[in-house]
Amino acid sequence: MKQFSDTNYSASYAKQILMTALIMLSFVVISSRSHAQAKAPWVSPKAAQDVKNPIAGDKASLVDGKKLYATNCAPCHGDKGRGDGPAAAALSPKPADHSSALVQSETDGSLFYKLSEGRNPMPAYKAILNDHQRWALVNYIRTLAKVKK
Ligand code: HEC
């Protein structure tokens, strides 16, 4: 009888150790994953960077871009593209500052790729807006530069 309860005890002890180990392991996996996501810079593929903008940044395109931006992008990126829209506080990573030298240093093709594909928590716009509209947004983002060229 004593033998039986001892075996029982060690079996449940082993189970407890196993459960603790599993829980610890899942913490390590979860924290390393979110770490990796926060750190990895977002780089467009070279082929996408080289794509030329087929739409001139003329008045008509900028009027379109501005409207589309106010409706679709400003909630996160802010009216002036500073990354400070009303939804920004709750997001991680934070929305990019479109007026920054970093964003402005990217090619039109790279910006087009990123807004087409999205990256969590930013949605992908390729199924929501057509090519013409997405290039108009790239043209509009250029007008948000802190120091205009
Ligand atoms: C739900 C919030 C949200 C909305 C809406 C949103 N974005 Fe973003 N955007 C983000 C976040 C967050 C990032 C940073 C993502 C990252 O670094 O992983 C980002 C990054 C970007 C980048 C990349 C900047 C860079 O150089 O790396 C571009 C371009 C961009 N957004 C354009 C747009 C445009 C244009 C729209 C509207 C059509 C839009 N975004 C709508 C949240 C949003």
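A residue counts as buried when its relative accessible area is under 20%, as exposed when this value is over 50%, and as partly exposed in between. With that scale in hand, the two cysteines make a good starting point. Cys76 has a relative accessibility of 25%, so it falls in the partly exposed class. Cys73, in contrast, is buried, because its relative accessible area is 12%. A disulfide is a covalent bond between the sulfur atoms of two cysteines. The structure contains zero of these bonds. The model discussed here is a predicted one, and the values that follow are all computed from it.

The overall layout comes next. The protein has six helices and zero strands, and reading along the sequence gives the pattern α-α-α-α-α-α. Of its 149 residues, 28% are buried. How much of the contact in the chain joins residues that are distant in sequence? Among contacts with a separation of 6 or more, 56% are between residues 24 or more positions apart.

Helix α5 is a helpful place to see what burial looks like. It has ten residues, and seven of them are buried, so the helix is largely enclosed by the rest of the structure. The buried residues of α5 are Gly109, Ser110, Leu111, Phe112, Lys114, Leu115 and Ser116. Which elements do these residues pack against? Their partners are α2, which covers residues 46-49, together with α4 and α6. Just after α5 comes Gly118, which has a positive phi near 65°.

Helix α6 includes Trp135, and this residue offers a closer view of the packing. Trp135 is buried, since its relative accessible area is 4%. Once neighbours within four places in sequence are set aside, Trp135 is in contact with Val51, Lys52, Asn53, Pro54, Ile55, Asp108, Gly109 and Phe112. Two of these partners, Gly109 and Phe112, are also listed among the buried residues of α5. Ser116, another buried residue of α5, is 19 residues from Trp135 in sequence, and the C-alpha atoms of the two are 9.9 Å apart.

The loops have details of their own. Between α5 and α6, the loop holds Pro121, and the peptide bond that joins Asn120 to Pro121 is cis, with omega about 5°. Ala127 belongs to the loop between α5 and α6 as well. Is Ala127 buried or exposed? With a relative accessible area of 77%, Ala127 is exposed. Its C-alpha atom is 9.3 Å from that of Glu117, a residue ten positions away in sequence.

The loop between α3 and α4 contains Pro93. Here too a cis peptide bond is found, running from Ser92 to Pro93 with omega near 0°. Ser100 also sits in the loop between α3 and α4. A relative accessible area of 16% means that Ser100 is buried. Ser100 and Gly81 are 19 residues apart along the chain, and 9.0 Å separates their C-alpha atoms.

The last feature is an open space in the protein. Rolling a probe the size of a water molecule over the atoms shows where empty space is left. The largest pocket holds about 780 Å³ of space. Its lining is made up of 32 residues, and those nearest the centre are Trp42, His77, Lys94, Pro95 and Ala96. Helices α1 (2-39), α3 (59-77), α4 (101-104), α5 (108-117) and α6 (131-142) each give two or more residues to this lining. Which element gives the most to the lining? That element is α3, with five residues. Sorted by class, the lining consists of 21 nonpolar, six polar and five charged residues. Where does the largest pocket lie with respect to the domains? Residues of domain 1 (1-40) and of domain 2 (46-142) both contribute to the lining, so the largest pocket lies between the two domains.

Terms used:
Residues numbered from 1 in each chain as written. Predicted model: local features only at pLDDT ≥ 70, side-chain atom pairs only at ≥ 80, totals over all residues. Heavy atoms only, no water. 1 Å grid on protein atoms, 1.4 Å probe; cavity = no way out; pocket = protein on both sides within 12 Å on 5 of 7 lines; lining within 4 Å. Points joined across faces, edges and corners; volume = space filled by probe spheres on them. Helix = DSSP H or I, 4+ residues; strand = E, 2+ residues; numbered from the N terminus. Nonpolar A, V, L, I, M, F, W, Y, C, P; charged D, E, K, R; others polar. Domains from an automatic or database assignment. Disulfide = S-S within 2.5 Å. Buried < 20%, exposed > 50% of the residue type's maximum accessible area, 1.4 Å probe, protein only. Contact = heavy atoms within 4.5 Å.
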